[in-house]
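Colleague: Would you please look closely at one residue of this model, and then set it beside what can be said of the rest?

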Amino acid sequence: MPKLVKTKVENEGRVTEEFTWVETPKTTVWDVEEELRVVGKPIARVDGVERATGAAKYTTDIQLPRMVHGKFLRSPHPHARIVSIDASEAEQMPGVRAVLHAFNLASNRFSSTRDFFQNPVRFVGDEVAAVFADSDNLARAALKTIRVEYELLPYVLDAESAAQENAPQVTPNGNLLDGKPSTYTRGDIEKGFAQADVIVEGVFTTNAQIHSSLETHACAVDWDGKMLTVWESTQDVEGIKDRVARHLKLDKTRVRVIASYIGGAFGAKFGAGKYTLLAAQTAYQLKRPVRFVLDRRGEQIAAGQRSPTKQYLKLGAKKDGTLTALEMTHYTNVGAYATWSPFVEGPARELYACPNLQTTGYTVFTHSFPFAAFRAPGFVEGTFALESMMDELAHKLQMDPLELRMKNYSSVHPESGKPFTSNGLLDAFQEGARAIDWETKKRRKQEDGIVRRGVGMASQIWYGAGAPPAYAMIRVNHDASATVLTASQDLGTGTKTILCQIAAEELGLPFERIGVEIADTQMGPFAGASGGSMTAASVGPAVREAAADAREQLRHIAATFLKKRVKDVRIENGIAKARGVEKPLAEIFRELDNLQVVGHGSRYPNPSAYEIRTFGAQFVEVAVDVETGEIRVERVVASHDSGRILNPLTVSSQVEGGVLQGIGFALLEGRVVDASGVALNANLEAYHVPTIADAPKIETHMIDRADVLANNLGVKGVGEPPIIPTAAAIANAIYDAIGVRFYDAPITRDKVLDALERMEIGA
Amino acid sequence: MNFDIAFPQTFDEAISANENGARWFAGGTDLIPLLKSDFVHTTRLVNLKRVDELRGVVETNDSVRIGALTTLAELAGHELIRAKYRALAQACDLAASPQIRNMGTLGGNLNQASRCPYYRNNFPCYLHGGDKCFMRDGENREAAVIGYHDCVHVHPSDPANALVALDAQIVVRGREGERTIAAQEFFRAPDANDTRMNVLNADEMITEIILPNDSENTRSVYVKAMDRAVWTFALASVAVKLEIRERSAGDSTRLETACVVFGGVAPIPYRELRVEKMLSGKEWNKDLVTQGKFAVLQDAEPLAHNAYKIRLARGLLKRALRECLENA
């Protein structure tokens, strides 16, 4: 019998409890050696052609008759009290439908910690007013007529300064999230350092990284008097539905959210934005469709970022490399608004079997740009520091950096002591080292020419277990094709494609006979947000369950037709077969006219006796020109353990994208902020994401082994792991090339040239 | 933003269309963003794209003449330019993105506005008619290290450096007629009183660029350093033109004259006369590059965060010379 279960759900290290409706599993895990027909094959994306040709309709493509367009006026000051707003001129402009601000909004509450229009404003870019007008241009023109009187207040931009006692106050509750630093201790840190033969210390900084999605945050809303339809570029259609319904006090069944195609998200597109709720309430009030698309500047300053960090690290080790103590303190600048902290200390706490450990994390509010999740939040920043420090430790011990890591490998989770469902870290080391020829290259003498090459590596740990609740249905259509229905979403990762593969495998239908309807709350059952490398391992198992349910029904139907016993019937490639007789399912369905088969499935809870993590290592070759400071990443070998590989094509595109973003974080991307609090590079011209010309050869070497304890597919997430170790591996390779260690990311030309000058390297 | 737009067919029509605050534009890759940013206000735009007489590359006996409307992409791919004026072809090829090179013209590129982040973010600086340079004491990683006055921005054009090195002439025409200006005299460093980046008058437009018909012994190269591999403005760059002569058959070769122009380090293409003098008359071989002392930008006055540009400029010059040696 199905039962109601309350289960722990972990997303990016944060644990919540959720109810889930658990059916008796109809499937058992595909074994490591299982011969699969569709799953694991390099199948091209089902929506590749429409994305490439422009046929795909993104949220920003939605245009409806009588549409009204929304735009924000943003604060030019980092901290200021709004004394008055004169919007009379804008309000009188023909075609302007609404001007909203803190002094005229009926309810200014946006969330438990934020107003729609905060007063005082807390960063350069904070929303001050919104205009809704008949055209985008008109809205822009109207914004320019709004007169705002500000009373300037003292501000603080830097996290360490903001954490001081007498710093200008950012929030009414002070400048630290939760009012105090978060601390974690295991063992005895003093004793640990006393036992150490060697101690290394370093201070690291990482700059902000901005998601820079090609499609900015955007929504379109249409209210027809009965149903409110929201098109939103989002990672969480169900979350938007819930939020919009609560905001408008509508029943959830009267809100429909669609996110057919998403032009980039990377963690920044979870909840409903201010623009979403204001667009929804305006559409509801005006009874006209509303479109609200952030402009590029708004996207770059107000839609979130990977927060800048400053990290103090200290490692102690025995002569043989055994870690005895690890101390870490970080200041993470979450800007003006944040409700949770990126887990910067995560890698330090989880990656190695260090018995004595102490971390202190200051999550600091400042009058700068707000934090949002960004692909492995915290772990990218934390791993850059930790894995650079480990490299330094290895050199100090005159030890192979890879050997040092193997020495401190933890076969169980170092905090809970629980075993992992699977742990392919050592395999990733082995495979990556083999592919890059680590043994030869690490022994290479430092070059002395103009262009010097080096090799470096770094490890990675991350979540990616997936979790309930996630539900799916399989509808077998009248032509015996099948459709996967689930209110998940495809961020561009290939979710649609892998769900079709899973369904085809389990149903016994050809891949081409499977369609998929996702990212529409009206089409499929709840499937949760897409983030935390969760989607494949959350929704995939539910789809397989639903397909198994449908397959059982098909076998019963076929048995009747073939006049055989059910247990003898199997379905292969769309054909029902039993003891020498066979009939295509399509023929059976043709004769059955309006027969409809629906299978349903749900994701059951994760095993509580185990920890589930993804692991990996990257090996990088760089070339440094000591005359011009140019760093070229020439080759990246990425070896990751994410359990079973459902589709090597979509996996390698995740790895390539992650590595590229990692290169951006390591070498190119950073926010340039003037002392006035203004972001100077809030566009895609001056903010440098990597181009294809910056892309090295990226080789994906997955440890493709089913995690048979994790879920019925044996799959773990793959979206975030590949961005995590890249920056440290690059920094370590630079050290190998020129003997200079860089503690500040991104490692830009000026830093390289200044260091070369200082160290008198090259010309 | 409302404006009407004229499409003159001839140069004379274009000149007469330019009244009452009208603005000419060619590719529009700079002007349109400036309009959107409210930095330029006009109710009348004059699109020059149909003025065919201002387009194309023509070879005469003693020169090569480039119409100002010739696009960067055309120049980057032009056989004659690539063969005889390699530095210009490379500078055009290394500028901006393919889309912008397809639209952007040489004339427009030479007359583009500053890319100073403070200017582009609308700080009330000299370039906006204010009384302060915000970059000087601010985020000045990209600022000038030499040749600046009150404003420390750098000239953003890549081709400008190549044209100065190649000793090009810039032909401009206005209501008063035509004048020809040496590329080196065309650009100017903005100061508090006059924020123009070149000597064009308001009624004048660039019509032609004239390159001298150099001897076979001339070679040139343009090398550019960027924050990433492509699609960014220069942190520093160098255009080099060398005249190399064999003394007699089988004898060693000599570097007769050198012209060295740095980009990204000053508000103008910065000609490095000292280095030119040092190079001129030297034996032309590998040793010159490996052993030569390149005291570039000796008079530089770097700001807090841009001293790296001096070392970078030296590295680029050596790379440029090596490239000339390799492509002999």
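Modeller: Helices are DSSP runs of H or I of at least four residues, strands are DSSP runs of E of at least two, and both are numbered from the N terminus. This is a predicted model, in which local features need pLDDT of at least 70, side-chain atom pairs count only at pLDDT 80 or more, and totals for chains, interfaces and linings use all residues. Residues are numbered from 1 along each chain as its sequence is written, while chains are lettered from A and ligands numbered from 1 in the order in which they are written.

The residue I have chosen is E323(B), which belongs to helix α13 of chain B, residues 308–326. Because 16 other C-beta atoms lie within 10 Å, E323(B) is partly exposed (buried means 20 or more other C-beta atoms within 10 Å of the residue's own, exposed 12 or fewer, partly exposed in between, with C-beta atoms placed from the backbone). Beyond its neighbours within four places in sequence, E323(B) is in contact with V221(B) and V223(B), where contact means C-beta atoms, placed from the backbone, within 7 Å. Y222(B) is 101 residues from E323(B) in sequence, yet their C-alpha atoms are 9.5 Å apart.

D251(B) offers a second case, in the loop between β10 (236–246) and β11 (253–263) of chain B. D251(B) counts as exposed because it has 8 C-beta neighbours inside 10 Å. Between D251(B) and Y126(B), which are 125 residues apart along the chain, the C-alpha separation is 55 Å.

Turning to chain A, one finds 19 helices and 28 strands. Its radius of gyration is 27 Å, close to the 27 Å of the globule rule for 763 residues, so chain A is as compact as a globular protein of that length; the radius is taken over C-alpha atoms, and the rule is 2.2 Å times the number of residues to the power 0.38. Along the principal axes, the C-alpha atoms of chain A fill a box of roughly 85 × 75 × 45 Å. Of the 763 residues in chain A, 58% are buried. Of the contacts in chain A between residues at least 6 apart in sequence, 80% join residues at least 24 apart.

Domain 1 (3–42 + 470–481 + 495–514 + 530–602), domain 2 (66–153) and domain 3 (309–465 + 609–759) divide chain A, with bounds from an automatic or database domain assignment. The contact between domain 1 and domain 3 of chain A takes 28 residues from the former and 31 from the latter.

Notes: Two residues are in contact if their C-beta atoms, placed from the backbone, lie within 7 Å.
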